[in-house]
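Trainee: Got a minute? I'd like to go through this model with you before I set anything up.
Mentor: Sure, pull it up and ask away.
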Amino acid sequence: MRVLARLLVVFVALLAVPVSRAHAQSADLAGEWRQLTSSAGQCPQCRIAFAGQGQRLKVTANNGWSADVHITPASNPVRATGEGQWPLRIEGKSVSTPLYVGFALRGDHLHMTMVAELRPGRKQVVKAVFGRVWSGV
């Protein structure tokens, strides 16, 4: 009986490791980030914010796009990828274009690559680097 109890404790401890690591990684991304550079042009007022816990987070940009992202477990650097929508006006019409986004946290900088499908068959790739709002960047 004691052996079974010890095995159960070890099993529960092993299950808790990935969960606690995912929470630590989501904490690394959580909060607001300010755009420092972008291949789409300078935008010092552009911000993104991550919310949620665990491996699934919601990222929302102040220019209208949002995405649900999934943290790659135990990745170093911390990585998150996902899909979302970007409401745009194209040729005078309101459309919601799909986007695919990836993030990698390297030191104090968050690197983003986004692919937005502006029109069928026409994609735009945006690469940007963000810094923490609270760190004085």
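Mentor: Terms first: helices (H or I, at least four residues) and strands (E, at least two) are DSSP runs, numbered from the N terminus. By that count the protein chain has one helix and eight strands.

Trainee: Anything to know about the source and the numbering?
Mentor: This is a predicted model, where local features need pLDDT of at least 70 and side-chain atom pairs count only at pLDDT 80 or more, while totals for chains, interfaces and linings use all residues. Residues are numbered from 1 along each chain as its sequence is written, and side-chain values use heavy atoms, with hydrogens and water left out.

Trainee: Cool. What pattern does the protein chain follow along the sequence?
Mentor: The pattern reads α-β-β-β-β-β-β-β-β.

Trainee: And how much of the protein chain counts as buried?
Mentor: 34% of its 137 residues. Buried means under 20% relative accessible area, exposed over 50%, and partly exposed in between (1.4 Å probe, protein chains only).

Trainee: Let's zoom in on S2. Which way do its side chains point?
Mentor: They alternate along residues 47–51. Ile 48 and Phe 50 point to one face and are buried, whereas Arg 47, Ala 49 and Ala 51 point to the other face and are not buried.

Trainee: Which strands does S2 pair with?
Mentor: With S1 (residues 31–38), antiparallel over four bridges, and with S3 (residues 56–61), again antiparallel with four bridges. Two strands pair if DSSP finds at least two bridges between them.

Trainee: So what stands opposite Ile 48?
Mentor: Trp 33 does, on the S1 side. In S3, the bridge partner of Ile 48 is Ala 61.

Trainee: What about the hairpin of S2 and S3?
Mentor: Four residues sit between the strands, and Gly 52 takes a positive phi near 120 degrees.

Trainee: Switching to rings. How many aromatic pairs are there?
Mentor: One. The ring centres of Phe 50 and Phe 103 are 5.1 Å apart and the planes are at 75 degrees, so the pair is edge-to-face. Phe 50 is in S2 and Phe 103 in S6 (residues 93–106), so the pair links distant parts of the chain, 53 residues apart. For the cut-offs, rings of Phe, Tyr and Trp (its six-membered ring) pair if their centres lie within 6.5 Å; planes under 30 degrees apart count as stacked, over 60 as edge-to-face and the rest as tilted.

Trainee: Are those two rings buried or exposed?
Mentor: Both Phe 50 and Phe 103 are buried.

Trainee: Which residues touch the most other members of the largest nonpolar core?
Mentor: Ile 48, Phe 50, Trp 65 and Phe 103, out of 26 residues. S7 (109–119) gives the most to this core, with five residues. A nonpolar core is a set of buried Ala, Val, Leu, Ile, Met, Phe, Trp, Tyr and Cys residues joined through side-chain atoms within 4.5 Å.

Trainee: One polar residue, then. What does the side chain of Ser 38 reach?
Mentor: The backbone nitrogen of Ala 40, at 3.0 Å. That's a polar contact: a pair of N or O atoms within 3.5 Å; within protein, one must be able to donate a hydrogen and the other to accept it, and residues adjacent in sequence count only if both atoms are side-chain atoms. Ser 38 lies in S1 and is buried, with a relative accessible area of 15%.

Trainee: Last one: where is Ile 90?
Mentor: In S5. Ile 90 is buried too, at 17% relative accessible area.
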